[in-house]
Amino acid sequence: MQPIVELNNVSFAYPNGVKVLNRFSLRIPQGSIYGFLGPNGSGKSTTIRVVMGLLKAQEGIVTVFGDSHSTKRIAILSRIGSLIDTPTFYEHLTAYRNLEIVRLSHDLPQQTIAEALQLVGLSATAKLKVSEFSLGMKQRLALAMALLPKPELLVLDEPSNGLDPNGIIEIRELLIRINQQLGTTIFVSSHLLSEVEKLCTHLSIINQGQAVFEGPIEQLTERIATQKRVWFTVGSTEGLSSVLDRPLEIRQNGSIKVGFEYTTDREIARCNHQLVTQGVEVFGIHKEHQTLEEMYVKLLEDNK
Ligand SMILES: Nc1ncnc2c1ncn2[C@@H]1O[C@H](COP(=O)(O)OP(=O)(O)OP(=O)(O)O)[C@@H](O)[C@H]1O
């Protein structure tokens with residue numbers, strides 16, 4: 001199936017000459033919740049602006065719904081809902097009236113307002129003025145406004161920024177509901193790995209304008225499951241590399257530890273047997289599991 005958004009080797013520099021995207025690619029599958037993760041300043045907002053056609057890449061190909069902004073800009077934008085800057089409202093009007101203004105500008109049926117309010121959990125507070133809303137409620141109202149014309153793609157730049165833990169959970173649950181109930185593809189940036197992990201089906205990690213990972217989120221967790229390391233505490237390093245014929249990392253800090261990658265527990269038992277039969281004393285065996293966070297940090301370090 002054709003991706004909803006496709007960026008191929010996109011490079012972008014701001015007029016001051018700072019190159020922010022460097023041959024960057026991504027593919028957002030239809031129906032996915034696609035997380036876009038990277039440290040501050042890595043190029044997430046710039047990429048989002050390129051996807052929205054607000055910035056034009058100097059190199060590479062950008063297609064959204066299979067079309068280019070240069071020929072189908074209005075048609076593309078009519079199929080996207082977005083939340084990429086701080087949302088603005090008529091604060092002195094009720095949530096309902098704010099939605100009514102959006103409804104009229106898109107010439108949508110009246111019932112779309114009640115549907116949107118229910119989806120974002122604001123039905124009971126629709127008659128309150130927006131100035132009385134908390135930040136979390138404003139964020140949900142902004143989502144309701146973006147969803148009113150039933151976009152196929154929702155583009156969100158750090159929607160959890162500034163929210164308290166409860167607000168973060170509410171937005172996460174809401175985005176999952178939108179994806180599952182309406183089938184909306186969601187492209188969401190974040191610098192919070194833990195959030196992306198709980199929310200997204202797919203992930204792109206960007207660092208210094210380059211992709212360091214792209215794929216289904218399980219691909220990253222599977223990689224973690226296969227990249228396991230074990231540490232043997234041994235009596236001496238003598239003859240170790242000939243006994244264990246594999247890349248070894250040796251740490252001597254009080255005790256001597258030798259570490260290597262393994263895939264099965266049987267492999268650990270075999271190495272232990274080899275060491276002991278060759279006269280190497282083994283005082284301890286410790287399995288180290290890489291966390292998603294460690295994997296993320298490693299991916300960023302490898303890209304330096
Ligand atoms: N209008 C601009 N003119 C010049 N440089 C800019 C402009 N906007 C952003 N930059 C620079 O481009 C780089 C990438 O910024 P961008 O906002 O895309 O990153 P980001 O990953 O979204 O970061 P953050 O999470 O901090 O928003 C940064 O070095 C930033 O200073």
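## Domains, sheets and ligand shell

The domain assignment of the protein gives domain 1, covering 3-217, and domain 2, covering 227-302. The model is a predicted one, and in it the centres of the two domains, taken over C-alpha atoms, are separated by 44 Å.

Where domain 1 and domain 2 meet, seven residues of domain 1 are in contact with five residues of domain 2. On the side of domain 1 that touches domain 2, the elements giving two or more residues are helix H7 (193-199), strand S8 (202-207) and strand S9 (210-216). The residues of this side of domain 1 divide into five nonpolar, one polar and one charged.

Two sheets can be set side by side in a table.

| Sheet order | Pairing | Average twist |
|---|---|---|
| S2-S1-S4 | antiparallel | 20° |
| S11-S12-S10-S13 | antiparallel | 20° |

The sheet in the order S2-S1-S4 is open and has three strands. Its edges are formed by strand S2 (19-28) and strand S4 (59-64), each of which has a single partner strand, so that one side of each is left without a neighbour in the sheet. Strand S1 (residues 5-13) pairs with S2 in the antiparallel sense over six bridges, and the bridge partner of Leu7 in S2 is Leu26.

The sheet in the order S11-S12-S10-S13 is also open and is formed by four strands. Strand S11 (249-253) and strand S13 (282-288) stand at the edges with a single partner strand each, and therefore one side of each has no neighbour in the sheet. Strand S10 (residues 228-234) and S13 are paired in the antiparallel sense over six bridges; for Thr233, the bridge partner in S13 is Gly284. Helix H10 (residues 265-277) lies across S10, strand S12 (255-262) and S13, and runs at about 160° to S13. In general, the strands of a sheet pair through backbone hydrogen bonds, in either a parallel or an antiparallel manner.

The ligand is surrounded by 13 residues, of which the closest are Tyr14, Asn40, Lys44, Ser45 and Thr46. Helix H1 (residues 44-51) contributes the largest share of this shell, namely three residues. By residue class, the shell around the ligand divides into three nonpolar, nine polar and one charged.

Note on methods
Residues are numbered from 1 along each chain as its sequence is written. This is a predicted model: local features need pLDDT of at least 70, side-chain atom pairs count only at pLDDT 80 or more; totals for chains, interfaces and linings use all residues. A residue is near a molecule or strand if its C-beta atom, placed from the backbone, lies within 6 Å of it. Ala, Val, Leu, Ile, Met, Phe, Trp, Tyr, Cys and Pro count as nonpolar, Asp, Glu, Lys and Arg as charged, and the others, Gly among them, as polar. Two strands pair if DSSP finds at least two bridges between them. Axes are lines fitted to C-alpha atoms, for helices over the stretch in contact, and angles run from 0 to 180 degrees between N-to-C directions. Two residues are in contact if their C-beta atoms, placed from the backbone, lie within 7 Å. Domain bounds come from an automatic or database domain assignment.
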